[in-house]
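Please study the sequence and the three-dimensional model shown below before attempting the exercises. Each task is followed by a worked solution.

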Number of protein chains: 2
Amino acid sequence: MYSIESLEEFTRKVFMKMGCSDEDARVITDVFIAAELRGLPSHGMLRIKDYYQLWQAGRINVKPHVRIVHESPGTAVVDGDGAIGMVAAAKSMQIAIEKAGKTGTGWVSTRNSNHYGIAGYYSMMALPHDMIGISMTIANPLVAPTFSISRMLGTNPIAVAVPAGKHPPFVADFSTTPIARGKLAVAAKKGEKVPLGYVQDADGIPSDDPDIITRGGSMVTLGGTREQGSHKGYCLSAIVDIFSAVLSGAGFGPYCPPSVAFLPVKEETAGRGTGHFFGAMRIDGFQKAEEFKSKMDEWIDTFRAAKPARGQDRVLIPGDPERENEERIRREGVDLLVPVQQELKQVADELGIPFLS
Amino acid sequence: MYSIESLEEFTRKVFMKMGCSDEDARVITDVFIAAELRGLPSHGMLRIKDYYQLWQAGRINVKPHVRIVHESPGTAVVDGDGAIGMVAAAKSMQIAIEKAGKTGTGWVSTRNSNHYGIAGYYSMMALPHDMIGISMTIANPLVAPTFSISRMLGTNPIAVAVPAGKHPPFVADFSTTPIARGKLAVAAKKGEKVPLGYVQDADGIPSDDPDIITRGGSMVTLGGTREQGSHKGYCLSAIVDIFSAVLSGAGFGPYCPPSVAFLPVKEETAGRGTGHFFGAMRIDGFQKAEEFKSKMDEWIDTFRAAKPARGQDRVLIPGDPERENEERIRREGVDLLVPVQQELKQVADELGIPFLS
């Protein structure tokens, strides 16, 4: 078990050693730690090696000039200048929040960025401002549209955070596939099989091998099959792609620059880097914030009181499992998988910094 | 087969006879006809009887004063004054478009409305303005959250329309359940069974009876089961509910006023009427509209070129099937189900207007 503090210190050192500023290393670390705390190890320490390899390959800029390249009172396109995703994303969300302060809502489409970690982190930045926060991003092209075997889209997550009053906020953070890609990576690292309905092989035959996506297979969209609504998952994923990449001028769909080593970097490109999309909506653009938050408490109470199906304890509110994880993990610490420990040890050795103790 | 013109004339007469203004009857008719043309009869003429019954029950206001009750430069809450949904919705989307003209984007949450027909209609209103259009709505509470048997949510559709250049626009319009409720109604009217994974009985046991929802059963969210991601469908549906009903002050979740006769009107309420949410984003708030539209053409070409899975002809772009339906149905006319013809005949007789010939 590793304490949160030790992981924090280690992660900050890794990114500072790569050349990031204090402030950028702090934001990057904050997002990694949030992923571990919220029980999403698929987006936590396991990913450090990926960023390290991208840095080695000269594919990320540790001294980026993240800037607005086009704007209106309520909108902007931000160019991330090849930054580590967290740096471009946190700044973009900050801009959305500032614009919302002036016009009621703010919307930012970001290009020339990289993998930004957990989508929920940025949506939650809006909460202290009594705003609803929205965050979405494209990702490694590994997902096939309905009726296809071509890897055209990422797992393209959507996060929406809504403030409440006496209750903790509503925080939905979900990929537009039945399972997140990182969770397949965790299963593969553990040598486990996955249920049918997550991935298909290169011929489109359903597979239970989480590693099939490293051998030409693909993930399917939320819904799984056409009959069960996979075309709706395809629509969602496509919307994330258009908002994040076409609006910003990033590399859309199959042109999203890969953040995993098993995908080749395409020669051809349709735009600059990875794209994200952020939104912030002032509650008081619609009604008094206090009244809304009290109504959200009522919403939460109503949904918590839904009758569980047989064999189930309770009905969850989006954000419940992650918050409960956070309480537990802050207390107990983080249990890193052995392969992840080995990877981090190697990164530490190569960068010449002390490994986690 | 009925011609579009004859359906149009009949529908307009029905609503004018109920007391709607010329203009309101025209909008209502336009949305019904759009549903038939796009091949969504579940939201077309089949629904006229529902509105007629609501009118008979004194539950819709045919002379509404639809108005803004709260606003900021880029946001508003609109009160529909008990209007037929199409009337409140079209006016709300128009306000979102006007606000987008000034600040870059416009967002309207609408309360005190009723069932508004197809979500896609309103999102497409943004297209001629070189804007992205967004539309969502709550609906009859018939959907159980993950792990539950309580009917807490509607099929809560989301529609997003994105302009393209030489190609027709991207138009995604989908419920956040594996299948739309109206499609269950069509299956039930035809006496057909449905695949497992759409509905469960009152005890939470999966059922193939589309009519089970009239006997205490419930629909499930997109994803179907927890293992296949139904919690993501629940998140989506909850987001639609919060944006449409909590932000506006409508009756959220289980308090959405039913538009079908088999659901009782609840005594208790959490707000006013049905809620919707609309958004319009100016393309040129992000980049030059012409460049974006040309990039969308490239996006569409790229996705059309995805390799079909074995046994499939082609990969679709959201909006393709509906557009192809429209071309065919405009030519061939509309084939109304016999029970729908009978219902419409009864409505016509009771209102004293000539039935379709």
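The exercises below concern a predicted model and treat its symmetry, its interface, its strands and its helices in turn.

**Exercise 1. Symmetry of the chains**

Task: Determine which rotation superposes chain B on chain A, and name the relation that follows.

Solution. Step 1: Chain B is superposed on chain A by a rotation of 180°, with 0.0 Å of shift along the axis and an RMSD of 0.0 Å. Step 2: This is the relation of a two-fold axis. Step 3: To locate the axis within chain B, look for the C-alpha nearest to it; this belongs to B:Gly223, at 2.3 Å from the axis.

**Exercise 2. The interface**

Task: Describe the side of chain B that touches chain A, by its elements and by residue class.

Solution. Step 1: The contact involves 67 residues of chain B and 67 residues of chain A. Step 2: Among the elements of chain B that give two or more residues to this side are strand E1 (67-72), strand E3 (105-113), helix H7 (230-246), strand E10 (274-282) and helix H8 (289-304). Step 3: H8(B) supplies the largest share, seven residues. Step 4: Sorted by class, this side of chain B holds 37 nonpolar, 22 polar and eight charged residues. Step 5: Of the interface residues of chain B, 100% are also interface residues in chain A, so the copies meet through the same surface.

**Exercise 3. A strand and its partners**

Task: Establish how E10(B) is paired, and decide whether its residues are buried or exposed.

Solution. Step 1: E10(B) pairs with E3(B) in the antiparallel sense over seven bridges; here B:Thr105 stands opposite B:Met281. Step 2: Strand E4 (residues 131-137) of chain B also pairs with E10(B) in the antiparallel sense, over seven bridges, and B:Ile132 has B:Met281 as its bridge partner. Step 3: On one side of E10(B), B:Thr274, B:His276, B:Phe278, B:Ala280 and B:Arg282 are buried, and on the other B:Gly275, B:Phe277, B:Gly279 and B:Met281 are buried, which leaves both faces covered. Step 4: Nine of the nine residues of E10(B) are therefore buried, and the strand is largely enclosed by the rest of the structure.

**Exercise 4. An open sheet**

Task: Give the strand order of the open sheet of three strands in chain B and identify the strands at its edges.

Solution. Step 1: The order is E8-E7-E9 (chain B), with antiparallel pairing. Step 2: Strand E8 (206-207) and strand E9 (218-219) of chain B stand at the edges; each has a single partner strand, so one side of each lacks a neighbour in the sheet. Step 3: Strand E7 (residues 199-200) of chain B is joined to E8(B) by two bridges, and B:Gln200 has B:Pro206 as its bridge partner there.

**Exercise 5. Two helices and a buried residue**

Task: Characterise the crossing of H2(A) and H4(A), then decide whether A:Ala100 is buried or exposed.

Solution. Step 1: The axes of helix H2 (residues 22-37) and helix H4 (residues 85-103) of chain A come within 9 Å and cross at roughly 95°. Step 2: H2(A) is therefore roughly perpendicular to H4(A). Step 3: A:Asp24, A:Val27, A:Ile28 and A:Val31 of H2(A) make the contact with A:Met86, A:Val87 and A:Ala90 of H4(A). Step 4: By class, this contact has six nonpolar, no polar and one charged residues. Step 5: A:Ala100 also lies in helix H4 of chain A. Step 6: A residue is buried if 20 or more other C-beta atoms lie within 10 Å of its own; A:Ala100 has 26 such neighbours and so counts as buried.

Conventions: Residues numbered from 1 in each chain as written. Chains lettered and ligands numbered in written order. Predicted model: local features only at pLDDT ≥ 70, side-chain atom pairs only at ≥ 80, totals over all residues. Least-squares fit on C-alpha atoms with pLDDT ≥ 70 in both. Contact = placed C-beta atoms within 7 Å. Pairing = 2+ DSSP bridges. Helix = DSSP H or I, 4+ residues; strand = E, 2+ residues; numbered from the N terminus. Nonpolar A, V, L, I, M, F, W, Y, C, P; charged D, E, K, R; others polar. Axes fitted to C-alpha atoms, helices over the stretch in contact; angles between N-to-C directions. Parallel < 35°, antiparallel > 145°, perpendicular 65-115°, else oblique. Buried ≥ 20, exposed ≤ 12 C-beta atoms within 10 Å, placed from the backbone.
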